[in-house]
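This briefing covers selected side-chain contacts and helix packing. Please look at the sequence and the coordinates before reading the points.

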Amino acid sequence: MKIYKYNIQTKEFLEELEINEAYGTNLPFTTTVKPLAKKEGFAICFNDTKWEYVEDNRNKTIYVKDTKEELKIDYLGKIKDEHTLLVPKQFDKWDEISKNWIEDIELKKEYEKSLIPKTITLRQARLYLLSIGLLDDLENIINQNRAYQIEWEYANQIEKESPLVSIMGQTLVLTSSDIDNMFMEASKIWHNN
């Protein structure tokens, strides 16, 4: 006689056994009910009266919607509501309405702003301004103010929030975005180039 053994915890079909009916069929975690045929993406589980298909996503990679934490599924059944198979990008947050990851523009802007150097060497500033044709214009402005001349000549570095940079921006009609870009580009010039 054939009996069908299932897992103690998951009730998942394990194996078919041939037993001698004379010894009885009362083995624990077995049934004489024949299991369903295999089906892709499903486990065959016994619900104490019959076999049923239970969604099987084990070992698939999922992401926690709140934290973007990457996990491997270790349970039978549908993917939990707090998880998704969709892969998030760096600045994504979960949108419950569209059931998808959407880019968090503010988070991306904050990150990009954090990449902008707060200071550059004066050498980098001069080389960059020379490369974009603004060095002579700036030096004409600086020569009109003794304090700016001293800072321009003797400081090792220039701070993005300094009065000199502010005056430079106003006089050369540079937006804050232009100044951010200047600091980004100037910082790429090697210190010992």
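Is Glu161 buried or exposed? Glu161 is exposed, with a relative accessibility of 68%. The model is a predicted one, and its salt bridges number 10. The points below take up some of these salt bridges, then two helix pairs, then two single residues.

**The Lys113, Lys160, Glu161 and Asp180 network**

- Salt bridges link Lys113, Lys160, Glu161 and Asp180 in a network.
- Within this network, Lys160 pairs with Glu161, and their closest N and O atoms are 3.6 Å apart.
- That distance meets the salt-bridge cut-off, which asks for a side-chain nitrogen of Lys or Arg within 4 Å of a carboxyl oxygen of Asp or Glu.
- Lys160 has a relative accessibility of 14% and counts as buried, whereas its partner Glu161, at 68%, counts as exposed.
- Asp180 sits in helix H6, which covers residues 176-187.
- Asp180 counts as buried because its relative accessibility is 13%, and buried means under 20%.
- The side chains of Asp180 and Lys113 make a polar contact of 3.4 Å.
- Leaving aside residues up to four places away in sequence, Asp180 touches Lys113, Ile116 and Lys160.

**Salt bridges between loops**

- Lys11 and Asp48 form a salt bridge through their side chains, at 3.2 Å from N to O.
- Lys11 belongs to the loop between strand E1 (2-6) and strand E2 (13-18), and Asp48 to the loop between strand E4 (42-46) and strand E5 (51-55), so this pair ties together parts that are 37 residues apart in sequence.
- Lys11 is partly exposed at 24% relative accessibility, while Asp48 is exposed at 53%.
- A salt bridge of 2.7 Å, N to O, also joins the side chains of Glu12 and Arg58.
- This second pair connects distant parts of the chain, with Glu12 in the loop between E1 and E2 and Arg58 in the loop between E5 and strand E6 (61-64), 46 residues apart.
- Glu12 is buried, its relative accessible area being 18%, and Arg58 is partly exposed at 28%.

**Helix packing around H2**

- A packed pair of helices is described by the angle between the two axes and by the distance between them.
- Helix H2 (residues 122-131) and helix H3 (residues 135-142) have axes that come within 7 Å and cross at roughly 125°.
- H2 and H3 are therefore oblique to each other, since an angle of 65 to 115 degrees would count as roughly perpendicular and one over 145 as roughly antiparallel.
- On the H2 side the contact is made by Arg126, Leu129 and Leu130, and on the H3 side by Leu135, Leu138 and Glu139.
- Sorted by class, the contact between H2 and H3 holds 4 nonpolar, no polar and 2 charged residues.
- The axes of H2 and helix H4 (residues 146-154) are 9 Å apart, and these helices pack at an angle of about 100°.
- H2 and H4 are therefore roughly perpendicular to each other.
- In this pair, Leu122, Arg126 and Leu129 of H2 meet Glu151, Trp152 and Glu153 of H4.
- The contact of H2 with H4 has 3 nonpolar, no polar and 3 charged residues.

**Thr49**

- Thr49 lies in the loop between E4 and E5.
- Thr49 is exposed because its relative accessible area is 58%, and exposed means over 50%.
- The side chains of Thr49 and Asn47 are joined by a polar contact of 3.0 Å.
- From C-alpha to C-alpha, Thr49 and Thr30 are 11 Å apart in space, with their positions 19 residues apart in sequence.

**Ile120**

- Ile120 is part of strand E11, residues 119-121.
- With a relative accessible area of 2%, Ile120 is buried.
- Not counting residues up to four places away in sequence, Ile120 touches Ala125, Gln157, Ile158, Phe183, Ala186 and Ser187.
- Ile120 and Ser176 are 56 residues apart along the chain, and 16 Å separates their C-alpha atoms.

Definitions and conventions. Residues are numbered from 1 along each chain as its sequence is written. This is a predicted model: local features need pLDDT of at least 70, side-chain atom pairs count only at pLDDT 80 or more; totals for chains, interfaces and linings use all residues. Side-chain values use heavy atoms; hydrogens and water are left out. Helices (H or I, at least four residues) and strands (E, at least two) are DSSP runs, numbered from the N terminus. Buried means under 20% relative accessible area, exposed over 50%, partly exposed in between (1.4 Å probe, protein chains only). A polar contact is a pair of N or O atoms within 3.5 Å; within protein, one must be able to donate a hydrogen and the other to accept it, and residues adjacent in sequence count only if both atoms are side-chain atoms. Contact means heavy atoms within 4.5 Å. Axes are lines fitted to C-alpha atoms, for helices over the stretch in contact, and angles run from 0 to 180 degrees between N-to-C directions. Angles under 35 degrees count as roughly parallel, over 145 as roughly antiparallel, 65 to 115 as roughly perpendicular and the rest as oblique. Ala, Val, Leu, Ile, Met, Phe, Trp, Tyr, Cys and Pro count as nonpolar, Asp, Glu, Lys and Arg as charged, and the others, Gly among them, as polar.
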